[in-house]
Amino acid sequence: ARYLHCREIAAQIAKQLDWEYGRCPDQPSRHQSVYAALVHSWRLLDETERATAHRLAVFAGPFDAVGAEMVAGISPAQLASLRDQSLLGQARPGWFDLHPLIRRFLAEKLAADPQEEEETRSRHARYIYNLVIHGKKKSMESHFYHLKAVMAEQQEQVLAAALWLARYRDFSDRVLVTLVERLIFYFPHSNRFETWKVVFDQLVQALAAGSGEAGQAEWLTAVLRSRIAEADIFLHAYERAQEQFAELLPWAERLENGALISFCRHKLGLLAARQADFAPAFRHLAAAIPPVEDYSPQYRFPVYRTWTEAALAAQDTVQARQTAELAYREALAAKSEEAESVYAWALGEIARLEGDFLQARAELERATALARQKDYAPELVRCDCSLALVLAKLGERDTSVSLAARALDTAVKRRDQQLITLATESLATVKK
């Protein structure tokens, strides 16, 4: 530090763990580099600790005693010993972590035995998989709440497990596919759209760098790219998203993947509707149903929901009523907590467009109450905006302005441009 900036020292150590930053003749050899200090500490461990401690390198973030024992074969007593010797830090009570440089050092030790590394990383991936899928979920939404809790504590672990499996194209027991499915389900609800794109792009790159299982790798790559395109919709990058889906659709058709074909058609329909181009929107949405006719209802419910929203935007209440009924039926079959609130909102919007404002108010108040129970921001914004427009028609201007303003505040906090636009337009309308 007498001669170099701390940033330069950190950069050198990042490149080379055993980089010597200047000889100090009056200091012992173990103080001449970070690597030398770590080697000295390693030699102070007993034989059992040296035989197992390097396996902890597979943990990309904090871990508890259960994980350490199942993945690395390290007992709670051994964890305490490693903590006492400063090899481990403590993230919070009951949870341990590794300093990044110590993790690198241990990773080098683990990599010296490729078979042990593969076995340890495989145990880690399956341990994380079991955490993610643990327990029976009563509904689609309960899956999300469980995932949210897991990701809050162990996001680094989930991503590390998925990336390792992708890099080795390990499709055994559907562990990789299931982890990706859970990430696909989690991110659209997480309000972290840029992170979503980065993570899925990393998975695409990991699959591309791997070897073997080419067919499944191609299918999963196409699915991941479709979700990167979906993130662009949330980011309001409609043109970029449309280009990606138009490119992916022939790919999905070549793979004969019904779910992916339907997803591409669905999102192309949504994008067309967002741009008020309703004829192609309805064609795409209609074409999204046949490929998943024999699939579970959770594949059809989102399509009918978007179709209803498009029909409402086009002020076609006849079509909106038909698709709302279909969406409601499929949502009930999928045991989705959105079934009642989405249906009530659709009925309220239909009544509003038809001029029956008292009926619209009753339905939209019910939809708002249901959405608030779930505390799901997009639904709350949509319900508040619709109800604000109805109350304005009924002469309750102050309440309608308050609702629209609240919707705009929620939309801004969520950073969802489409919701911001919706709330801004509603607020401007009720203020007139």
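In helix 12, the buried residues are Y238, A241, F245, L248, L249, W251 and A252, and I should say at once that we are looking at a predicted model. Those buried residues pack against three other helices, namely helix 11, helix 13 (258–274) and helix 21 (417–431). As for the pattern of positions, an α-helix has 3.6 residues a turn, so residues three or four places apart point the same way.

What about the length of helix 12? Its 18 residues, 238–255, should span 26 Å at 1.5 Å a residue, and because the end C-alpha atoms are 25 Å apart, the two values agree. There is nevertheless a kink of about 25° at L248, shortly before the proline P250. After the helix comes E256, whose phi is positive, near 55°.

Let me turn to helix 11, residues 214–234, where D232 is placed. Is D232 buried or exposed? With a relative accessibility of 1%, and with buried meaning under 20%, D232 counts as buried. Its side chain makes a polar contact of 2.7 Å with the side chain of R240. If we leave aside neighbours within four places in sequence, D232 is in contact with K197, A237, R240, A241 and Q244, and of these A241 has already appeared among the buried residues of helix 12.

Now to the nonpolar cores. The largest one has 69 residues, and those with the most contacts inside it are L56, L179, F200 and L203. Helix 8, residues 140–167, gives this core its largest share, 12 residues. Taking F200 as an example, and again setting aside neighbours within four places in sequence, we find it in contact with L183, I184, F187, L224, R227 and I228. There is also a second, separate core, this one of 52 residues, which includes A310, A320, L408 and A411. In soluble globular proteins, nonpolar side chains tend to be buried together.

The model also contains an open sheet of 3 strands, in the order 1-3-2 and with antiparallel pairing. Its edge strands are strand 1 (63–64) and strand 2 (89–92), each of which pairs on one side only. Between strand 2 and strand 3, residues 95–97, the antiparallel pairing runs over 3 bridges, and R92 stands opposite W95 in strand 3.

Finally, a word on A36, which lies in helix 2, residues 34–44, and which counts as buried at 18% relative accessibility, the cut-off being under 20%. From A36 to A360 the separation is 324 residues in sequence and 73 Å in space, C-alpha to C-alpha.

Key. Residues numbered from 1 in each chain as written. Predicted model: local features only at pLDDT ≥ 70, side-chain atom pairs only at ≥ 80, totals over all residues. Heavy atoms only, no water. Helix = DSSP H or I, 4+ residues; strand = E, 2+ residues; numbered from the N terminus. Buried < 20%, exposed > 50% of the residue type's maximum accessible area, 1.4 Å probe, protein only. Polar contact = N/O pair within 3.5 Å; in protein donor to acceptor, adjacent residues only side chain to side chain. Contact = heavy atoms within 4.5 Å. Pairing = 2+ DSSP bridges. Core = buried A, V, L, I, M, F, W, Y, C linked by side-chain atoms within 4.5 Å. Expected span 1.5 Å × (residues − 1). Bend = angle between axes of the 7 residues up to and from the residue.
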